[in-house]
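Student: Could you take me through the ligand site of this model in close detail? I would also be glad to hear about the backbone and helix packing elsewhere.

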Amino acid sequence: MKLSNVVDTLRPAVRAMAGYLPGEQPQAGKFIKLNTNENPYPPSPAVTSAITQAANSGLQRYPDPLGTSFRIQAAEVLGVSPDCILCGNGSDDLLTILTRSFVAEGQTIWYPTPSYVLYRTLAEIQGAKVAELPFESDWTLRVDHLEQDAPPALMFLPNPNSPTGTVLSPEQIAAIAAELPCPLVVDEAYADFAPENCISLIEQCENVLVTRTLSKSYGLAGLRFGFLIARPEVINELRKVKDSYNCDALSISAATAAIGDQDWFIKNRDKVLETRQRLAKGLTNLGFQVQPSQANFVWCNHPSQSSFELYEQLKASQILVRYMKYEGWGEGLRISVGTENQIDALFAVLESLIR
Ligand SMILES: *Cc1c(COP(=O)(O)O)cnc(C)c1O
């Protein structure tokens with residue numbers, strides 16, 4: 001029989017999904033972008049020279065499939081063995097590899113809500129079910145009181161969380177891991193902005209894996225580079241699932257240079273932390289309820305103003321922030337920490353909108 005419509009032959013799971021909707025990336029440079037948690041500061045100058053050098057030394061060859069230069073450099077910075085590191089084309093690539101490796105069709109993925117919206121998309125692609133675990137009012141998370149009719153095959157836990165910026169301590173995360181019959185992926189996309197992280201849990205807990213990205217704290221969202229930290233025996237298995245050459249030669253060189261320039265990283269991170277404090281304080285002074293943030297953004301809402309209207313009014317003034325709404329939980333604005341000048345501009349507009 002002749003095929004009349006290719007689209008009808010897609011897997012039903014793919015037909016049914018809406019697809020992940022990333023934050024707006026306007027082409028023209030006229031917006032102040034405070035909507036996707038990019039670093040307002042550029043990456044280390046060492047990155048540009050590393051890319052130029054890599055571009056001039058053999059692009060006709062395939063890249064190192066394991067990104068060895070990066071793993072050695074990152075291992076030194078983090079105090080782990082290079083065998084504990086798997087490189088990815090952004091940390092989203094690693095989240096995909098983890099989902100494909102641990103979750104069979106029909107199994108269940110757990111993650112908290114409100115949190116990173118991509119986890120649901122990954123589950124949908126895989127034909128997996130999801131259970132969303134609501135945070136308690138003090139931003140802790142309970143996993144012990146869930147009905148066990150669908151035990152999880154994998155749990156994602158962003159820490160610091162997005163969109164709220166709130167954190168769980170490594171001790172709290174170890175306690176959650178101990179309750180789970182599955183791996184716990186601590187998504188540390190924002191951990192460089194927080195005082196604590198979960199890298200030491202890799203040794204301490206059998207089932208903890210950690211993902212990191214250079215997109216936010218290293219100012220390299222455009223490059224696409226992330227990495228996973230886990231026990232070597234887990235890394236060896238996940239290598240079978242990744243694309244053979246999931247990171248290209250230019251990004252491996254650039255990422256190695258970026259993580260090698262810790263002075264540049266610390267200088268910019270400290271500027272972001274200072275501005276975060278000012279942003280949170282200024283919003284509070286304008287009457288916003290602001291969650292305490294350990295990331296490079298703050299989550300807020302205003303008791304007497306619609307978050308969506310504020311988002312639209314700011315956009316009309318060329319300032320993009322992220323409006324987010326979670327069914328059954330609430331809505332608000334996630335505002336990324338920008339430069340001091342960008343935050344000046346934000347406050348100038350907000351002051352005129354909020355009376
Ligand atoms: C930004 C973000 C990522 C993705 O980072 P990439 O390395 O750019 O793919 C992963 N998890 C969370 C929670 C994020 O906010």
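Tutor: Happy to; here is the ligand site, followed by some backbone features and one helix pair.

Please keep in mind that this is a predicted model. The shell around the ligand is made up of G90, S91, D92, Y116, D187, A189, Y190, T213, S215, K216 and R224. By residue class, that shell divides into 3 nonpolar, 4 polar and 4 charged residues.

Some members of the shell are worth a look at the level of atoms. D187 places a polar side-chain atom 2.6 Å from a nitrogen atom of the ligand. R224 has a side-chain N or O atom 2.7 Å from an oxygen atom of the ligand, and for K216 the distance between a side-chain N or O atom and a ligand oxygen atom is 3.1 Å. As for cover, the ligand taken alone exposes 390 Å², of which the protein buries 93%.

Now to the backbone. Most residues other than glycine have a negative phi, and most peptide bonds are trans. With that in mind, look at P114, in the loop between β3 (108-113) and α5 (118-126): the peptide bond from T113 to P114 is cis, with omega near 5 degrees. Another cis peptide bond joins S162 and P163, where omega is about 10 degrees. P163 sits in the loop between β5 (152-158) and α6 (170-179). The loop between β4 (129-134) and β5 holds W139, whose phi is positive, about 70 degrees, although W139 is not a glycine.

Finally, the helix pair. Two packed helices are described by the angle between their axes and the distance between the axes. For α10 (residues 262-285) and α12 (residues 340-353), the axes come within 11 Å and cross at roughly 5 degrees. An angle under 35 degrees counts as roughly parallel, so α10 and α12 are roughly parallel to each other. On the α10 side the contact is made by T275, R278, L279, G282 and L283, and α12 contributes E340, I343, D344, L346, F347 and L350. Sorted by class, the residues of this contact between α10 and α12 comprise 6 nonpolar, 2 polar and 3 charged.

Definitions and conventions
Residues are numbered from 1 along each chain as its sequence is written. This is a predicted model: local features need pLDDT of at least 70, side-chain atom pairs count only at pLDDT 80 or more; totals for chains, interfaces and linings use all residues. Side-chain values use heavy atoms; hydrogens and water are left out. A residue is near a molecule or strand if one of its heavy atoms lies within 4 Å of it. A polar contact is a pair of N or O atoms within 3.5 Å; within protein, one must be able to donate a hydrogen and the other to accept it, and residues adjacent in sequence count only if both atoms are side-chain atoms. Accessible areas come from the Shrake-Rupley method with a 1.4 Å probe; for residues, only the protein chains shown count as cover. Ala, Val, Leu, Ile, Met, Phe, Trp, Tyr, Cys and Pro count as nonpolar, Asp, Glu, Lys and Arg as charged, and the others, Gly among them, as polar. Axes are lines fitted to C-alpha atoms, for helices over the stretch in contact, and angles run from 0 to 180 degrees between N-to-C directions. Helices (H or I, at least four residues) and strands (E, at least two) are DSSP runs, numbered from the N terminus. Angles under 35 degrees count as roughly parallel, over 145 as roughly antiparallel, 65 to 115 as roughly perpendicular and the rest as oblique. Contact means heavy atoms within 4.5 Å.
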